[in-house]
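Biologist: I would like to learn how features of a protein model are read, one at a time. Please give the general idea in each case and then the example at hand.

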Amino acid sequence: MTDLHVRRARTSDIPHIVRLVEPLVQSGILLGKERVVLYESVQEFRIAESADGEVVGCGALHVMWEDLGEVRTLAAAPQWLRRGVGHALLDVLEADARELGLSRLFCLTFEVPFFERHGFEDMGTETVDPAVYAELVRSRDDGVAEFLDLARVKPNTLGNTRMLKLLR
């Protein structure tokens, strides 16, 4: 693995996050987010930097419920693909999840083999107990709707796999 440093994102990183994710949004791999939403959620993001300080990747952890989080917006610069950026970011995001007391991580992805290598499994039709479902369904967050597999986000999820990892 190349010498990388993963750190918390700062507001000054938002233009870098936009630069990293925009090509993936254009190709339909990631869902687009308004810049204001990125600023609102900057505290959820981690940034991967090369040894010379270049921003080469990003990823976010979004808490969905008391034991459940979602890995979001995981992206690496094209020239840094297959050089450990995603692995480094995901390792830190998982550590963050454990520190927060989460025991499950969700992701919606086209990159199934990558997430399988990190212990995620296709969650199929798995859902949550009815009381938790009744609470989660009130959220306006698309990620929560994707986790619940709600009809209103079906266009977002076509071709993607809903995956889950139990943290130990």
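**Reading a predicted model**

Modeller: Let us begin with burial, which is judged by relative accessible area, the cut-off for a buried residue being under 20%. H118 has a relative accessible area of 12% and therefore counts as buried. Please keep in mind that this is a predicted model.

Biologist: Where in the chain does H118 lie?

Modeller: H118 belongs to the loop that runs between α4 (112-117) and β6 (121-122).

Biologist: Which residues is H118 in contact with, once its neighbours within four places in sequence are left aside?

Modeller: The contacts of H118 on that basis are H87, L90, D91, E94 and K165. With H87 there is also a polar contact between the side chains, at 2.5 Å. As for E94, it is 24 residues away from H118 along the chain, and the two C-alpha atoms are 9.9 Å apart.

Biologist: May we take another histidine? In which strand is H62 found?

Modeller: H62 is part of strand β3, which covers residues 55-65. Its relative accessible area is 15%, so H62 is buried. The side chain of H62 makes a polar contact of 2.8 Å with the side chain of E44. Not counting residues up to four places away in sequence, H62 touches E44, L68, G69, E70, R72 and D141.

Biologist: How should one read a charged side chain such as that of R162, and is R162 buried or exposed?

Modeller: One reads the accessibility together with the polar partners. R162 sits in strand β7 (residues 161-166), and its relative accessibility of 9% is why it counts as buried. Two backbone oxygens are to be noted here. That of G124 is reached by the R162 side chain at 2.8 Å, and that of E146 is 3.1 Å from a polar atom of the same side chain.

Biologist: I turn now to the cysteines. How many disulfides are counted?

Modeller: The question is settled by the distance between cysteine sulfur atoms, for which the cut-off is within 2.5 Å. The count is zero disulfides. C58 is in no disulfide, and the cysteine sulfur nearest to it, that of C107, is 15 Å away. C107 likewise is in no disulfide, its nearest cysteine sulfur being that of C58 at 15 Å.

Biologist: Are C58 and C107 buried or exposed?

Modeller: C58 has a relative accessibility of 0% and so counts as buried. C107, at 1%, counts as buried too.

Biologist: What is the usual sign of phi in residues other than glycine?

Modeller: Most residues other than glycine have a negative phi. A positive value therefore runs against what most such residues show. Here T73, which is not a glycine, has a positive phi of about 50°. R82 also has a positive phi, near 65°, and is a residue other than glycine.

Biologist: Where do T73 and R82 lie, and how accessible is each of them?

Modeller: T73 lies in strand β4 (residues 68-76), and its 11% relative accessibility makes it buried. R82 lies in the loop between β4 and α3 (85-100). With a relative accessibility of 84%, R82 counts as exposed.

Biologist: What does one ask of a pocket, for instance the second largest pocket?

Modeller: One asks for its volume, its lining and the chemical character of that lining. The second largest pocket has a volume of about 160 Å³. Its lining consists of G119, E121, D122, M123, E126, L164, K165, L166 and R168. Two or more residues of this lining come from each of β6 and β7, and β7 gives the largest share, three residues.

Biologist: How do the lining residues divide into nonpolar, polar and charged?

Modeller: The lining of the second largest pocket has three nonpolar residues, one polar residue and five charged residues.

Biologist: To finish, what can be read about D3, in the segment before β1 (4-8)?

Modeller: For D3 the relative accessible area is 55%, and D3 is therefore exposed. Apart from neighbours within four places in sequence, D3 is in contact with E49, S50 and A51. One may also read a distance: D3 and L61 are 58 residues apart along the chain, with 23 Å between their C-alpha atoms.

Note on methods: Residues numbered from 1 in each chain as written. Predicted model: local features only at pLDDT ≥ 70, side-chain atom pairs only at ≥ 80, totals over all residues. Heavy atoms only, no water. Helix = DSSP H or I, 4+ residues; strand = E, 2+ residues; numbered from the N terminus. Buried < 20%, exposed > 50% of the residue type's maximum accessible area, 1.4 Å probe, protein only. Contact = heavy atoms within 4.5 Å. Polar contact = N/O pair within 3.5 Å; in protein donor to acceptor, adjacent residues only side chain to side chain. 1 Å grid on protein atoms, 1.4 Å probe; cavity = no way out; pocket = protein on both sides within 12 Å on 5 of 7 lines; lining within 4 Å. Points joined across faces, edges and corners; volume = space filled by probe spheres on them. Nonpolar A, V, L, I, M, F, W, Y, C, P; charged D, E, K, R; others polar.
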